[in-house]
Amino acid sequence: MRWFSFLLTIVRHRTIIKLASNQEVTMDNLMQLISQTNKSMANFIHTELMILGYNLQASHGNILIHFYNNKSLNYRELSKKTGKSPQTMTTLIRRLVEEDLVEINTSSTDKRNKLVSLTSKGEAIIIEMIRISKDMYTKQYLGIEEPEQKKLKELLTKVIKNFKE
């Protein structure tokens, strides 16, 4: 429970900000910690992809990994699976097309439906993406016992739910 206690200590740490109106607002750094965690993980993925010769971001890797069990996906499906807006998805897919990792084809049943699928080069990178993901998962839990991992996920899930209500 050492890590969990440390996390609670950090979350309890608060900063008092005095506004121009002489009101005090108590702030904590949970958002900053979550943001730094996300940035650290994204940097890890980006660095690993750069080592492989791909100038891609974690968001690109997130798209590619969804093709592991799917031959092709349309933009809407990819948006839903990744949590990215359709506009963002268009930009991300364009970059993957430039890298020759995916191709876009029109559905044979609905000409309005664009299907994204891996190229042979894209299929080759999937194995590396799985390795990178496994390495990241190992690294993110270094020094954190399994019960602490479970509790951390539960707490973060609660925070997310608080903003969905």
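**Exercise 1. Helices α3 and α5**

Helices α3 and α5 are roughly perpendicular to each other (angles of 65 to 115 degrees count as roughly perpendicular, under 35 as roughly parallel, over 145 as roughly antiparallel and the rest as oblique). State the angle at which α3 and α5 pack, and identify the residues that meet.

*Solution.* This is a predicted model, in which local features need pLDDT of at least 70 and side-chain atom pairs count only at pLDDT 80 or more, while totals for chains, interfaces and linings use all residues. Residues are numbered from 1 along each chain as its sequence is written, and side-chain values use heavy atoms, with hydrogens and water left out.

Step 1. The helices pack at about 85°, with their axes 10 Å apart. Axes are lines fitted to C-alpha atoms, for helices over the stretch in contact, and angles run from 0 to 180 degrees between N-to-C directions. Helices (H or I, at least four residues) and strands (E, at least two) are DSSP runs, numbered from the N terminus.

Step 2. S59, H60, I63 and L64 of α3 meet M89, L92, I93, R95 and L96 of α5, where contact means heavy atoms within 4.5 Å.

Step 3. By class, this contact of α3 with α5 has six nonpolar, two polar and one charged residues. Ala, Val, Leu, Ile, Met, Phe, Trp, Tyr, Cys and Pro count as nonpolar, Asp, Glu, Lys and Arg as charged, and the others, Gly among them, as polar.

**Exercise 2. Two helices that cross α6**

At what angles do α3 and α2 cross α6, and with which handedness?

*Solution.* Step 1. The axes of α3 (residues 58-65) and α6 (residues 120-140) come within 10 Å and cross at roughly 115°. That makes α3 roughly perpendicular to α6.

Step 2. The crossing of α3 and α6 is left-handed (the near helix is turned anticlockwise from the far one by less than a right angle; right-handed if clockwise).

Step 3. Here G61, L64 and I65 of α3 meet I125, I126, M129, I130 and S133 of α6. The residues of this contact of α3 with α6 divide into six nonpolar, two polar and no charged.

Step 4. The axes of α2 (residues 30-51) and α6 also come within 10 Å, crossing at roughly 145°. The crossing of α2 and α6 is right-handed. M41, F44, I45, E48 and L49 of α2 make the contact with residues of α6, among them I125, M129, R131 and D135. The residues of the contact of α2 with α6 comprise eight nonpolar, one polar and four charged.

**Exercise 3. Burial in α3**

Which residues of α3 are buried, and against which elements do they pack?

*Solution.* Step 1. A58, H60, G61, I63 and L64 are buried (under 20% relative accessible area; exposed is over 50%, partly exposed in between; 1.4 Å probe, protein chains only).

Step 2. The buried residues of α3 pack against α2, α4 (75-82), α5 (86-98), β4 (102-106), β5 (114-118) and α6.

Step 3. Buried residues make up 28% of the 165 residues in the protein chain, which has seven helices and five strands.

**Exercise 4. The loop between α5 and β4**

Are E99 and D100 buried or partly exposed?

*Solution.* Step 1. E99 lies in the loop between α5 and β4, and D100 has its place in the loop between α5 and β4.

Step 2. E99 is buried, with a relative accessible area of 14%. Not counting residues up to four places away in sequence, E99 touches Y54, N55, L56 and K121.

Step 3. D100 is partly exposed, with a relative accessible area of 42%. D100 has a positive phi of about 60° although D100 is not a glycine. Most residues other than glycine have a negative phi.
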